[in-house]
Amino acid sequence: KRNRLFTLDQDMRVRETTVTVLHTDGEHAWIRGDLASGDAVVIGRQSLLSEGLVVAPEVVEPAKVVARP
C-alpha cells in the first residue's frame with residue numbers, strides 16, 4: 001500500500017502528503033492523514049510529479065468525505 005499522495009497548494013504547486021491507507025477496493029481508497037475537505041488531490045500521472053512543481057490541474061468531480069475522526 002502507498003503511504004503518500006500529492007496535493008496542490010493555492011499556487012498550484014505540488015506538495016507530497018503522508019497518509020495511512022486504510023482500505024482500497026479498486027475504485028475507492030479510504031485514507032487517514034492531514035487532509036481537509038476541499039483539498040486538491042492529484043489522481044493521475046503521479047510518476048511525472050515532484051515536490052514544488054507548478055501544474056495546471058484538470059478538475060474532476062470532488063470526492064466525498066465519509067467520516068472524520
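Student: Which residue of β3 stands opposite V21, and what makes β2 and β3 a pair of strands?

Tutor: V21 faces I31 in β3. Strands here are DSSP runs of E with at least two residues, numbered from the N terminus, and two of them pair if DSSP finds at least two bridges between them. β2 and β3 have five bridges in the antiparallel sense, so they meet the rule of at least two.

Student: Before we go on, what sort of model is this, and how are its values counted?

Tutor: It is a predicted model, in which local features need pLDDT of at least 70 and side-chain atom pairs count only at pLDDT 80 or more, while totals for chains, interfaces and linings use all residues. Residues are numbered from 1 along each chain as its sequence is written, and side-chain values use heavy atoms, with hydrogens and water left out.

Student: What links β2 and β3, and where does a positive phi turn up in that turn?

Tutor: They form a hairpin with four residues between them, and G26 in the turn has a positive phi of about 95°.

Student: Why is β3 called an edge strand?

Tutor: Look at the whole sheet. Its four strands are ordered β3-β2-β1-β4, the sheet is open and the pairing is antiparallel. β3 (29-33) and β4 (40-41) each pair on one side only, which puts them at the edges.

Student: How do you know that β1 and β4 are paired?

Tutor: Two antiparallel bridges join β1 (residues 4-8) to β4. The rule asks for at least two, so this pair qualifies. One of the residues involved is L8, whose bridge partner in β4 is A40.

Student: What makes V14 buried?

Tutor: The label buried means under 20% relative accessible area, exposed means over 50%, and partly exposed lies in between (1.4 Å probe, protein chains only). V14 has 0% relative accessibility, so it counts as buried. Its place is in strand β2 (residues 14-24).

Student: Which residues share a nonpolar core with V14, and why is it called a core?

Tutor: The largest nonpolar core has five residues in all: F6, L8, V14, V42 and L49. The name applies because a nonpolar core is a set of buried Ala, Val, Leu, Ile, Met, Phe, Trp, Tyr and Cys residues joined through side-chain atoms within 4.5 Å. Contacts, meaning heavy atoms within 4.5 Å, add to the picture. Beyond four places in sequence, V14 is in contact with residues including F6, L8, L49 and E51. V14 and E51 are 37 residues apart in sequence, yet their C-alpha atoms are 5.3 Å apart.

Student: How do you know that R15 and E51 form a salt bridge?

Tutor: A salt bridge needs a side-chain nitrogen of Lys or Arg within 4 Å of a carboxyl oxygen of Asp or Glu. The closest N and O atoms of R15 and E51 are 3.2 Å apart, so the pair passes the 4 Å limit. It links distant parts of the chain, with R15 in strand β2 and E51 in the segment after β4, 36 residues apart. Since salt bridges share partners here, D9, R15 and E51 are joined into one network. D9 and R15 also have their closest N and O atoms 3.2 Å apart.

Student: Is D9 buried or exposed, and what about R15 and E51?

Tutor: D9 is buried at 17%, whereas R15 is partly exposed at 29% and E51 is partly exposed at 47%.

Student: How many salt bridges are there by this rule?

Tutor: Three. Among them is E16 with R4, at 3.6 Å from N to O. E16 lies in β2 and R4 in β1, so the pair ties together parts twelve residues apart in sequence. E16, at 42%, counts as partly exposed, and R4 is partly exposed at 34%.

Student: What makes the phi of M12 worth a look?

Tutor: Most residues other than glycine have a negative phi. M12 has a positive one, near 65°. M12 is found in the loop between β1 and β2, and its 31% relative accessibility makes it partly exposed.
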